[in-house]
Amino acid sequence: MSAADDTITAEGSRRAGAWLSSAGLRPTRQRITLAALLVGDGQDRHVTAESLFTAAKDQRANVSLATVYNTLRAFCDAGLMQEVTVDGTRSYFDTNTHDHPHFYWEDCGTLCDAPAEDLQIINLPDAPEGAEIASVDVVIRLRHK
């Protein structure tokens, strides 16, 4: 997230409130602020908790990093976002909740959508006894040549 693109407008706050209401989440001041940074301009975002925290601080929002983590978790639990884990220590949060693959740029640590229409998963292994496949995450790691 770049701070220059993250100015919270009245329209952004309205859009954020509607986004929260669509999932039955109470629109607290902190949730509205973070949601406006995520969906206020109508564009999908891939953020880390740290990048969202920085964007909130740039807007002079009074939120802690712990609040950002808890809010992102609540947004995921409500189905507003999905968590994309690229390794054991780094998670990104995506406002696009439709099934789609991602490109992860190892050089700069950014995540972006990959074209879903180009992906074909022909066969998956059977789930073990007593389990079912909940989802399949595809992260394609890239680096500059």
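**Close-up views of a predicted four-helix, six-strand chain**

Read from the N terminus onward, the elements of the chain follow the pattern α-α-β-α-α-β-β-β-β-β. The model is predicted, and the chain has four helices and six strands in total.

**Figure 1. Overall view of the chain.** The C-alpha atoms fill a box of roughly 45 × 40 × 30 Å, taken along the principal axes. Of the 145 residues, 35% count as buried. Among the contacts with a separation of 6 or more, 47% are accounted for by residues 24 or more positions apart.

**Figure 2. Helix α2 and its surroundings.** Helix α2 spans residues 29-39, and eight of its eleven residues are buried, so the helix is largely enclosed by the rest of the structure. The buried positions are Ile 32, Thr 33, Leu 34, Ala 35, Ala 36, Leu 37, Leu 38 and Val 39. These buried residues pack against helix α1 (10-22), strand β1 (46-47), and helices α3 and α4. Leu 34 of this group is also one of the residues touched by Val 68, which lies in helix α4.

**Figure 3. Packing of helix α1 on helix α2.** The two helices pack at an angle of about 105 degrees, and their axes are 8 Å apart. Since angles of 65 to 115 degrees count as roughly perpendicular, this makes α1 roughly perpendicular to α2. On the α1 side the contact is formed by Gly 12, Ser 13, Arg 15, Ala 16, Gly 17, Trp 19 and Leu 20, which meet Arg 31, Ile 32, Ala 35, Ala 36, Leu 38 and Val 39 in α2. By class, the contact of α1 with α2 has eight nonpolar, three polar and two charged residues. Of the α2 residues named here, Ile 32, Ala 35, Ala 36, Leu 38 and Val 39 are buried.

**Figure 4. Packing of helix α3 on helix α4.** Helix α3 (residues 49-58) and helix α4 (residues 65-77) pack at an angle of about 120 degrees, with 9 Å between their axes. That angle makes α3 oblique to α4. The crossing of α3 past α4 is right-handed. Ala 49, Glu 50, Leu 52 and Phe 53 of α3 make the contact with Leu 65, Val 68, Tyr 69 and Leu 72 of α4. These residues divide into seven nonpolar, no polar and one charged. As background to the spacing of such positions, an α-helix has 3.6 residues a turn, so residues three or four places apart point the same way.

**Figure 5. Val 68 within helix α4.** Val 68 lies in helix α4 and is buried, with a relative accessible area of 0%. Not counting residues up to four places away in sequence, Val 68 touches Leu 34, Ala 49, Leu 52, Phe 53 and Val 63. Ala 49, Leu 52 and Phe 53 also belong to the α3 side of the contact shown in the preceding figure. Val 68 and Glu 50 are 18 residues apart in sequence, and their C-alpha atoms are 8.2 Å apart in space.

**Figure 6. Arg 60 in the loop between α3 and α4.** Arg 60 is found in the loop that links these two helices. Although Arg 60 is not a glycine, its phi is positive, at about 60 degrees. With a relative accessibility of 76%, Arg 60 counts as exposed.

**Figure 7. Environment of His 100.** His 100 lies in the loop between strand β3 (90-94) and strand β4 (102-105). This residue is buried, with a relative accessible area of 14%, a value that falls under the 20% cut-off for burial. The side chain of His 100 is joined to that of Asp 94 by a polar contact of 2.8 Å, and to that of His 102 by a polar contact of 3.0 Å. Leaving aside residues up to four places away in sequence, His 100 touches His 46, Gln 82, Asp 94, Asp 113 and Ala 116.

**Figure 8. Asp 87 in strand β2.** Asp 87 lies in strand β2, which covers residues 82-87. The residue is partly exposed, with a relative accessible area of 33%. Its side chain reaches the backbone nitrogen of Arg 90 at 2.8 Å.

Notes. Residues numbered from 1 in each chain as written. Predicted model: local features only at pLDDT ≥ 70, side-chain atom pairs only at ≥ 80, totals over all residues. Heavy atoms only, no water. Axes fitted to C-alpha atoms, helices over the stretch in contact; angles between N-to-C directions. Parallel < 35°, antiparallel > 145°, perpendicular 65-115°, else oblique. Left-handed = near helix turned anticlockwise from the far one by under 90°. Contact = heavy atoms within 4.5 Å. Nonpolar A, V, L, I, M, F, W, Y, C, P; charged D, E, K, R; others polar. Buried < 20%, exposed > 50% of the residue type's maximum accessible area, 1.4 Å probe, protein only. Polar contact = N/O pair within 3.5 Å; in protein donor to acceptor, adjacent residues only side chain to side chain.
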